[in-house]
Amino acid sequence: MASSKLLSQPRWHRFLPRNLSRVRLFSDLPSQRHVSEPQNNGVDPKSNNNTRKASSTPSSLKEPELAKFSAIADTWWDYEGPFKPLHKMNPTRLAFIRSTLVRHFRKDPLSARPFEGLRIIDVGCGGGILSEPLARMGATVTGIDAVEKNIKIARLHANLDPITSNIEYCCTTAEKLVEEQRKFDAVIALEVIEHVANPAEFCKSLSALTAHEGATVVSTINRSLRSYATAIVAAEYLLHWLPKGTHQWSSFLTPEELTMILKRASIDVKEMAGFVFNPITGRWSLSDDISVNFIAFGTKETNEEQG
Amino acid sequence: MNRILATKAGSNVYRLRIPWRPFSNDAASVISSPDAGNPEKGSEAQQYDIAIVGGGMVGLALACSLASKPLTKHLNVAIVDSNPALGRKHFIKKDDLPDPRVSTITPATISFLKDIGAWRFVEQHRHAYFDKMQVWDYTGLSYAKYNAREADKEVLGCVVENKVLLSSLLSHVRDADLLKKIYPSRLTSMSILPNSSSSEVGSTLSMTALFTHGRLAKLELEDGNSLYSKLVVGADGGKSRVRELAGIRTTGWNYSQNAIICTVEHDVENHCAWQRFLPSGPLALLPIGDKFSNIVWTMTPEESSHFKSMTEDDFLKAVNHALDYGYGPHPTSSILGSSDLFSWFKGGISSSANDCFEVPPKVVKLASERMAFPLSLRHANDYASKRVALVGDAAHTVHPLAGQGVNLGFGDASSLSSVISEGIAVGTDIGEVSLLKKYEADRKPANVMMMAVLDGFQKAYSVDFGPLNIVRAAAFHGAHHISPLKKSIISYASGELRLPLFA
């Protein structure tokens with residue numbers, strides 16, 4: 001997967017402090033539901049559908065890439081198909097999203113539809129694997145993706161349940177929606193940022209889509225030795241969970257970098273958690289281990305102006 | 001050896017699930033009045049979140065458990081069971097004689113029933129806690145006596161009639177906020193189609209269309225009603241129709257044994273559970289309360305028809321004989337070496353009067369008819385398939401010799417409702433196989449382990465062979481005297497440990 005991407009990006013991560021003492025780790029929080037597992041296997045299973053949320057370079061969407069994604073788009077909702085790792089990881093991601101958003105918006109944690117009244121956008125929604133559960137949890141969901149076929153698949157599948165048939169799916173990019181001045185209470189971009197040409201610009205778009213006092217959730221893969229071993233070598237070459245070349249290790253972001261670029265986009269990262277995979281039980285769980293897959297929750301700063 | 005030692009614990013015969021109609025003393029007709037909430041024949045099909053097929057103890061426990069959890073209490077539940085008693089208000093009279101169908105509830109199940117709020121109804125009717133248990137066999141070589149206090153507990157279990165449990169669960173379900181409807185009919189057919197995409201965009205599909213695309217299961221009932229549901233739970237017993245219609249295969253075999261059950265009366269109160277292993281099977285005497293006890297006698301089919309047809313007096317004599325000197329002598333501690341040999345294991349617990357062998361109280365009267373039915377072991381290969389989950393006897397039937405059967409079923413109900421609750425918390429479609437497989441992964445290992453243990457026991461006792469008898473007796477002896485072992489055994493049988501201690 002060639003990407004004329006971020007090689008031109010400045011390596012400002014070298015100048016950042018290494019610790020993230022400001023950021024609260026998931027385990028510090030009172031309502032802890034998941035236990036960290038010893039083993040982990042970092043995967044970015046959604047990557048093979050995903051599109052660059054191109055920022056100012058729309059030409060980064062290449063025809064062969066789109067064709068490749070379109071070819072497997074029909075298998076989105078096959079739980080045993082190529083997207084199986086993503087389906088397995090999904091409940092864990094949702095657990096984090098539920099926990100952080102319920103706390104932020106002060107909703108009832110014991111409600112079956114805690115997101116009632118919230119407008120949420122799923123950036124890079126693919127076949128709607130994240131959008132549909134969010135809709136079942138009561139949210140008004142908009143799902144966007146740059147691959148037309150994904151949107152079609154997502155719409156057809158969502159129609160099969162009256163609750164999810166209200167999801168608004170658009171084949172567009174975050175930047176275009178910013179131009180339309182759309183605002184959402186929560187902006188969620190999972191496993192997308194490692195595919196965009198300009199992560200900093202992308203984060204600015206996410207921030208622009210976030211409403212006043214809203215929330216932003218971003219997940220990606222850490223750029224560490226461990227993630228090279230697991231997400232690239234193991235997942236692509238040994239276990240064949242992902243096609244070879246799905247990821248470029250150099251395009252992964254460390255938690256510090258992500259926090260920094262979100263900060264520059266007026267998003268203050270409040271919580272972070274990692275996903276670990278237990279190969280014995282075959283289950284993913286949330287933990288403090290952010291060395292491979294991690295997810296960050298941030299809120300929109302309204303008072304400060306970032307340069 | 002491990003299995004034999006480990007199973008000494010629950011060796012009481014308890015739970016008997018017979019597929020039939022309990023507690024209908026009067027022949028009442030099916031009620032379909034509006035306030036009973038039952039749909040009329042041939043009315044329009046409705047959609048539910050969960051259809052529980054089988055309104056027995058485990059099915060209703062699942063409904064109560066769903067009603068007690070904040071994330072699931074808003075669900076729309078249908079209960080399909082042709083038992084007319086489910087439509088009636090009260091069907092237990094206080095001065096009824098005890099029904100011979102009883103179950104022994106382990107402390108773990110008692111706390112589950114307390115959590116879902118059904119236990120307080122049970123306590124208003126006849127029930128019997130017991131804190132002592134004595135197990136011995138016909139060889140007279142040894143015995144084991146368990147006291148709840150040795151494991152720092154109050155009780156070892158509680159014996160409750162099935163009809164009391166059922167009516168308690170039913171009353172609680174009725175009072176609960178859960179949206180429910182009882183369909184007083186039998187399931188005739190169920191269809192679940194494979195997932196397919198709709199080619200219509202931008203329209204909301206009807207129930208029939210949702211069913212065509214595999215999002216709903218369609219159930220058809222004997223009285224002509226049909227209903228749609230996202231998830232179908234098979235709680236309909238050992239000969240589960242849901243399991244059959246879902247195409248889930250089973251493994252198992254028949255034991256060449258029948259069990260005779262009946263209620264008997266004593267002159268004195270009985271607070272101990274007794275079980276004696278006889279050559280053809282165990283005989284168990286369980287306290288029910290008010291000087292009544294329940295008898296479960298496992299024997300060969302020929303013997304069972306003989307015992308069932310003999311006169312009452314002869315039967316009572318046979319029971320007393322079997323519990324006393326019949327088939328072999330009383331065990332004494334001195335046969336396998338004195339208890340001094342094991343005294344260093346005892347860890348400070350001195351043998352008190354409670355530790356001595358006692359003969360069970362004499363049976364003076366037969367208080368119910370004798371019933372006999374065959375025993376078998378059966379286990380479903382899968383507990384879950386698309387839009388279907390099996391709980392209770394539909395998933396597994398076991399030998400009654402340790403009274404674990406319905407307790408496993410209650411464990412299933414508890415686990416399934418937790419899994420459904422977790423699924424709803426993250427917006428999952430509750431009929432999705434991947435969610436239901438979590439339930440299977442939770443319950444299958446524990447159930448299979450228990451079944452293996454019980455089966456091992458049954459086989460160990462079906463052989464009368466000198467050296468094996470000595471080994472069994474040694475196992476009894478060890479279980480009686482080695483207190484840490486005894487504690488673990490009691491905990492396992494009480495439902496607290498999931499895997500045997502030695503693993």
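Begin with chain A of this predicted model, where, among contacts between residues at least 6 apart in sequence, 75% join residues at least 24 apart. Coloured by secondary structure, chain A shows 8 helices and 9 strands, and of its 307 residues 60% count as buried.

**First stop: annotated positions in chain A**

Select A:Arg93, A:Gly124, A:Asp145 and A:Leu190, the positions at which an unreviewed UniProt entry places the feature "binding site". A:Asp145 belongs to strand E3, residues 140-145 of chain A, and with a relative accessibility of 0% this aspartate counts as buried. Display its side chain together with the backbone of A:Gly126, since a polar atom of the A:Asp145 side chain lies 2.7 Å from the backbone nitrogen of A:Gly126. Then move to A:Leu190, which is part of strand E5 of chain A and which, at 0% relative accessibility, counts as buried.

From strand E5 (184-190), follow the chain into the loop that leads to helix H6 (199-209), where A:Glu194 is found. UniProt, again in an unreviewed entry, places the feature "binding site" at A:Glu191, A:Glu194 and A:His195. Are A:Glu194 and A:His195 buried or exposed? A:Glu194 counts as buried because its relative accessibility is 1%, under the 20% cut-off. A:His195 is placed in the loop between E5 and H6 of chain A, and its relative accessibility of 1% means that this histidine counts as buried.

**Second stop: salt bridges in chain A**

Over all chains the structure holds 30 salt bridges, and two in chain A are worth selecting here. Pick A:Glu132 and A:Arg136, whose side chains meet in a salt bridge with an N to O distance of 3.7 Å. The two residues are separated by about one helical turn, because they are 4 residues apart in helix H3 (residues 131-136) of chain A. Both sides of this pair can be checked against a surface display: A:Glu132 is buried, with a relative accessible area of 2%, and A:Arg136 is buried as well, with a value of 14%.

Next select A:Asp268 and A:Lys270, which form a salt bridge whose closest N and O atoms are 3.9 Å apart. Here A:Asp268 counts as buried at 14% relative accessibility, whereas A:Lys270 is partly exposed, with a relative accessible area of 36%.

**Third stop: salt bridges in chain B**

Turn to chain B and show B:Asp324 with B:Lys362, a salt bridge in which the closest N and O atoms are 3.3 Å apart. This pair links distant parts of the chain, for although B:Asp324 and B:Lys362 both sit in the loop between helix H9 (312-323) and strand E16 (365-366) of chain B, they are 38 residues apart. B:Asp324 is buried, with a relative accessible area of 16%, while B:Lys362 counts as partly exposed at 46% relative accessibility. Then add B:Asp382, B:Lys437, B:Glu440 and B:Lys444 to the display, which salt bridges with shared partners join into one network.

**Fourth stop: the annotated domain of chain B**

Colour residues 223-321 and 369-447 of chain B, where an unreviewed UniProt entry places the feature "domain: FAD-binding". Over residues 223-321 the chain is 24% helix and 49% strand, with end C-alpha atoms 51 Å apart; over residues 369-447 it is 46% helix and 22% strand, with end C-alpha atoms 32 Å apart.

Within the 223-321 segment, centre on B:Ser226, which is found in strand E11 (residues 226-234) of chain B. With a relative accessible area of 17%, B:Ser226 is buried. Leaving aside neighbours within four places in sequence, B:Ser226 is in contact with B:Ala45, B:Gln46, B:Lys218, B:Leu219 and B:Glu220.

**Last stop: where chain B meets chain A**

Finally, show both chains and select the residues in contact, 27 from chain B and 21 from chain A. The area buried between the two chains is about 2000 Å², of which carbon and sulfur atoms give 60%. How many salt bridges does the rule find across this interface? The count is 0 salt bridges, although 2 residue pairs are found in polar contact, both at pLDDT 80 or more. On the side of chain B that touches chain A, the elements that give two or more residues are helix H10 (405-425) and helix H11 (433-460) of chain B. Coloured by class, this side of chain B has 9 nonpolar, 12 polar and 6 charged residues.

Methods. Residues are numbered from 1 along each chain as its sequence is written. Chains are lettered from A and ligands numbered from 1 in the order in which they are written. This is a predicted model: local features need pLDDT of at least 70, side-chain atom pairs count only at pLDDT 80 or more; totals for chains, interfaces and linings use all residues. Side-chain values use heavy atoms; hydrogens and water are left out. UniProt positions are given in the numbering used here, feature names are shortened, and annotations may be inferred rather than shown by experiment. Buried means under 20% relative accessible area, exposed over 50%, partly exposed in between (1.4 Å probe, protein chains only). Contact means heavy atoms within 4.5 Å. Buried area is the accessible area (1.4 Å probe) that two parts lose on being put together, summed over both. A salt bridge is a side-chain nitrogen of Lys or Arg within 4 Å of a carboxyl oxygen of Asp or Glu. A polar contact is a pair of N or O atoms within 3.5 Å; within protein, one must be able to donate a hydrogen and the other to accept it, and residues adjacent in sequence count only if both atoms are side-chain atoms. Ala, Val, Leu, Ile, Met, Phe, Trp, Tyr, Cys and Pro count as nonpolar, Asp, Glu, Lys and Arg as charged, and the others, Gly among them, as polar.
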